[in-house]
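Colleague: Please take a close look at one helix pair, then at what lies around it. Keep it brisk.

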Amino acid sequence: MRPRHRRLGWNAIGLALFAVMIFPVFWMLSTALKNNAQINSFNPVWFPGHPTLNHFRDAIDRPAFWTDVKNSVIVVVATVVVALALSFLAALALAKYRFTGRKLFIVLVIGIQMLPQAGLIIPLYVVLAKHNEVNRLSGLILVYLTFALPFCVWTLRGFLIGIPKDLEEAAMVDGSTRFGAFVRILLPLVAPGLVATSVFAFITSWNEFIFANTLLHDDQHRTITVWLSLLYGGNRFVDWGAIMAASTLIAIPVVIFFLLVQRRIAFGLTAGAVKA
Amino acid sequence: MPYALVLPVVAVLGAILGYPIYNLVRLSLQKYQLFELLQHHGTYVGLHNFSSVLHDHVFWHTLLRTVVFTAVNVGVTIVGGTLIALLLVRVSTWLRLLLTIGLVLVWAMPQVVAVQVWSWMTNSQNGILNYILTELHLGNYFQHNWYETTLSQYTMVTTLIVWGALPFVAITVYAALSQVPHELVEAAEIDGARAWRVFKDVTLPVLMPLLLILTSLSIIWDFGAFTQPYLLIGPGQQVQSNYLMSTYLYVEGYGKTDFGRGAAISLLMLAIVAALSFFYVRQMLRVGEEE
């Protein structure tokens, strides 16, 4: 009997924990769907009785919403495409060859990911200003490559070493060229890894705030994350309904993508410490 | 062949990161303000920026505040995350699934979105936090302003950061718990060992390598935290008395367009983080070499 009671106790704690952890997400959705009277009431309305989509309509009608979504998409897609193409080659070198300087390269790839972004604002700003790239999406794409490249190299390396060498060699015995072997055997095997890596790079760039906030200066050039951070007004009346609706809209693509790849990527950061 | 494959990444990183860092070193030795920015040309001042920063008590206070802030955040995150992982092992299967979904959802929240939700929940007018605390009879929090004192501001920032960081720790530690040998735990329990002893002598040694990596990652991340303190406390409310290293260098260097001085602070900060990263990088290098 005792273990049963104990399980009940753990379950109670678990449920309480779930409630606390999920509450902010719930409150965001709930607020986004309520009307203003319910939002501003001093006695909180927990569930929206008659859900309304007005705040969502309001949010996307705000100035520059669509422009800034478009900016984010451009920056993110360009960053991911360039980063993936270049880093795939480097990851291949790390996974399949031993060479002098390999160690140094690994140290660089991991070390760069650890640099605090705030520490790089000033040099990047000054260099971009010198080359007239401040307040331009192209400048931001270059900056995003600084973290996207090392991340993609390291993650793709993890996926590539998982592929048995025999497969590649078998293909070459069959008379394929190295390139042919690569395209026919390696590429299909590594495709899920490529997808997972690019999705994760997509999320990181979409969420990025510091650089976008520093390097882009007007509504026409901002990314959607910065747009959201400015959705405050600073008036006495803050339109929380619209802010929560916009927050929901911006979080949704990220959450969906994240759910798809979380299992594949999460363990790259702690590789070696867990044999998952 | 491998060099040809590595070359593009090295070349691009050299141009977009190596060159700016070279510039950072040069900037730190120059007077470089708005005038110089427009001229694209600084005036050499030797180590003046460094001595000015190192003789400024604001720098030392900020450094100390950042160290305390990091220690608290990392401590709560690692201990809390481990406790959640241990709880996940003990609850029923359906609840474990529910909790995992909840944790992953929280993990997926973009930082800026989380900040907005937090501002809404903690605002003094009709934030839900004040309502709940008052209803629970924990005191009168009617229209309580959480952003009045530095300590209170950072209580909010810490809650936000820890909330966002717990899922990663909890889920990775939970995965590692499956490595703990069952027989050993059972044997210890039959021998009458208390739960704490079992954890300390059997479970903890297995978790240790992972916990060390998670701790050093968390230290690096929290030491450089910017988005949450900057946005939650408010871009206009970043002052001497509540600076963290990242907001300090942002306001002093970029905000006041004193790039030379900002560069000196950046270099000092990067040096500290590089030292903090040493353990993590060494550990990861070992992983990279093994395979």
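**A helix crossing in chain B**

Modeller: Helix 4 of chain B and helix 8 of chain B make a right-handed crossing. Right-handed here means that the near helix is turned clockwise from the far one by less than a right angle; anticlockwise would be left-handed. Helices are DSSP runs (H or I, at least four residues), numbered from the N terminus. This is a predicted model: local features need pLDDT of at least 70, side-chain atom pairs count only at pLDDT 80 or more, and totals for chains, interfaces and linings use all residues. Residues are numbered from 1 along each chain as its sequence is written, and chains are lettered from A and ligands numbered from 1 in the order in which they are written.

The axes of helix 4 (residues 57–90) and helix 8 (residues 150–177) of chain B come within 7 Å and cross at roughly 40°. Axes are lines fitted to C-alpha atoms over the stretch in contact, with angles from 0 to 180 degrees between N-to-C directions. Helix 4 of chain B is therefore oblique to helix 8 of chain B (not under 35 degrees, over 145 or from 65 to 115). Their contact has 18 nonpolar, six polar and no charged residues. Nonpolar means Ala, Val, Leu, Ile, Met, Phe, Trp, Tyr, Cys and Pro; charged means Asp, Glu, Lys and Arg; the others, Gly among them, are polar.

Now B:Met109. B:Met109 sits in the loop between helix 5 (93–108) and helix 6 (111–122) of chain B. B:Met109 touches A:Val25, A:Ala251, B:Ala114 and B:Gly164, leaving aside residues up to four places away in sequence. Contact means C-beta atoms, placed from the backbone, within 7 Å.

Note on methods:
Helix = DSSP H or I, 4+ residues; strand = E, 2+ residues; numbered from the N terminus. Contact = placed C-beta atoms within 7 Å.
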